[in-house]
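Colleague: Please take a close look at one part of this model for me, starting from a single strand and working outwards. Take your time over it.

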Amino acid sequence: MEKTIVILGGGIGGIVTARELRKNLGPQHRIILIDRQPVYAFSPSFLWVMIGWRTPEVIQKSLSLLEKYGIEFRQGVVEEISTGNRTIRTNHGMLEYDYLVVALGAELVPGSIPGLQEAGLTFYSLNGAIEIYGMLRELSGRKIAIVISELPYKGPPAPYEAAFLLESFFRRRGDTDKKIEIYTPESSPVEFAGVNAGTRLTSMLFERGITLCTEKRIASVDKERKMLSFGDGTLSEYDLLIMVPPHRASPALRGSGLTDRSGWIPVDPRTLRTAVPDVFAIGDTALVPLPNGSSLPKEGLFAANQAEVVANIIAVEINQHGFRKEFNGSGFWFVETGDGRAGYLSGNLFADSQGGILFHEPNMTYHWGKVVFEKYWIWRWF
């Protein structure tokens, strides 16, 4: 019997799911991918766009290119998910599905904190990274504030990478008077990775003259006075504000019955199944519990690995043969530290303790590893 698999979201997870399904299913089965944007942009490279190491054109691909693999791409906004009727409503009409994969990611909502949207720029969007690069080239002020507004947020190492890259950018340009400060509600950098990684990154930030202010939760921003206000009553001035905006699940999930009180979709950690039959959630939108009581970080590599697992499970069920894969919680993260170097985090977050997350000291090899990974990923999936 012919099956229709609908994938919501054309990010890393959605693209990998679609390609893997097409590889493992016959042409009689429909694979439909829906995204509001016509173009995919490789988000791990936004930091390089921010400092002028990449141009936007290099890291973008049209999602319509997936059609050459037998994948139907529909550009549209998901308005309603009805799991009872097995239908999806978009601004272009209704679709029925047999299997549904929710890969809608996390939406940025800077407007939920007074003044943040008006005052801050963010490298969490391509346009934001372009704006920051324009500001850096003409910045006359001295103080750059990097503010992590709330937890959780995607790409946990990214704000710290931004600080290292900016310090290197200004130093190489001869702007030695610039002062970079990071404000985070975390108790230490990359809190998910454990004490060892956090301690080492804290030390590296100090060595580079970057100020780290932990357990600081932003309450509001005054754009006119260029003043940050925190929940503990303290104030801090800035000349350029770079923000990690609050993250929320897609509004399309409201009323779907898929989310819990957190707003995200709880899933089985090994299979990524939701509580609703034949519905899976992957990537940033999924809430994957960890043994220590926290949840899996929102990271693109996890989305890709989860996508391969979900595509395999669906293909095995439809084909009625094969071995079902499971997501194992393993991952790695490059951590850019500037000057053509990068560190490296690796480990398994399904282990009973976070002691298994290792921090490998920065070197040029890891930086070029990230460069190769960028090129390979775009080539591999498009």
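**Strand E1 and what surrounds it**

Modeller: From E1, the side chains of Thr4, Val6 and Leu8 point one way while Ile5 and Ile7 point the other, and every one of them is buried (under 20% relative accessible area, with exposed meaning over 50% and partly exposed in between; 1.4 Å probe, protein chains only). Before going on: this is a predicted model, so local features need pLDDT of at least 70 and side-chain atom pairs count only at pLDDT 80 or more, whereas totals for chains, interfaces and linings use all residues. Numbering starts from 1 along each chain as its sequence is written, and side-chain values use heavy atoms, with hydrogens and water left out.

Back to E1, which covers residues 4-8: five of the five residues are buried, so the strand is largely enclosed by the rest of the structure. Helices (H or I, at least four residues) and strands (E, at least two) are DSSP runs, numbered from the N terminus.

Now for the partners of E1. With strand E2 (residues 30-35), E1 pairs in the parallel sense over five bridges; pairing requires that DSSP finds at least two bridges between the two strands. Isoleucine 7 sits opposite leucine 33 in E2. To get from E1 to E2, the chain goes through helix H1 (residues 12-24), and this β-α-β crossover is right-handed (with the strands pointing away from the viewer, the path from the first strand over the helix to the second runs clockwise). Strand E9 (residues 99-102) also pairs with E1 in the parallel sense, over four bridges. Isoleucine 7 turns up again here, standing opposite valine 101 in E9.

For a helix to set beside that, try H5 (residues 158-173). Of its 16 residues, 13 are buried, so H5 is largely enclosed by the rest of the structure. Its length checks out too: at 1.5 Å a residue the helix should span 22 Å, and its end C-alpha atoms are 22 Å apart, which agrees. That expected span is 1.5 Å times one less than the number of residues. Right after H5 comes glycine 174, with a positive phi near 90°.

And for a contrast with all that burial, go to phenylalanine 323, in the loop between helix H7 (300-319) and strand E22 (330-338). Phenylalanine 323 is exposed, with a relative accessible area of 72%. Setting aside neighbours within four places in sequence, phenylalanine 323 is in contact with Asn312 and Val316 (heavy atoms within 4.5 Å).
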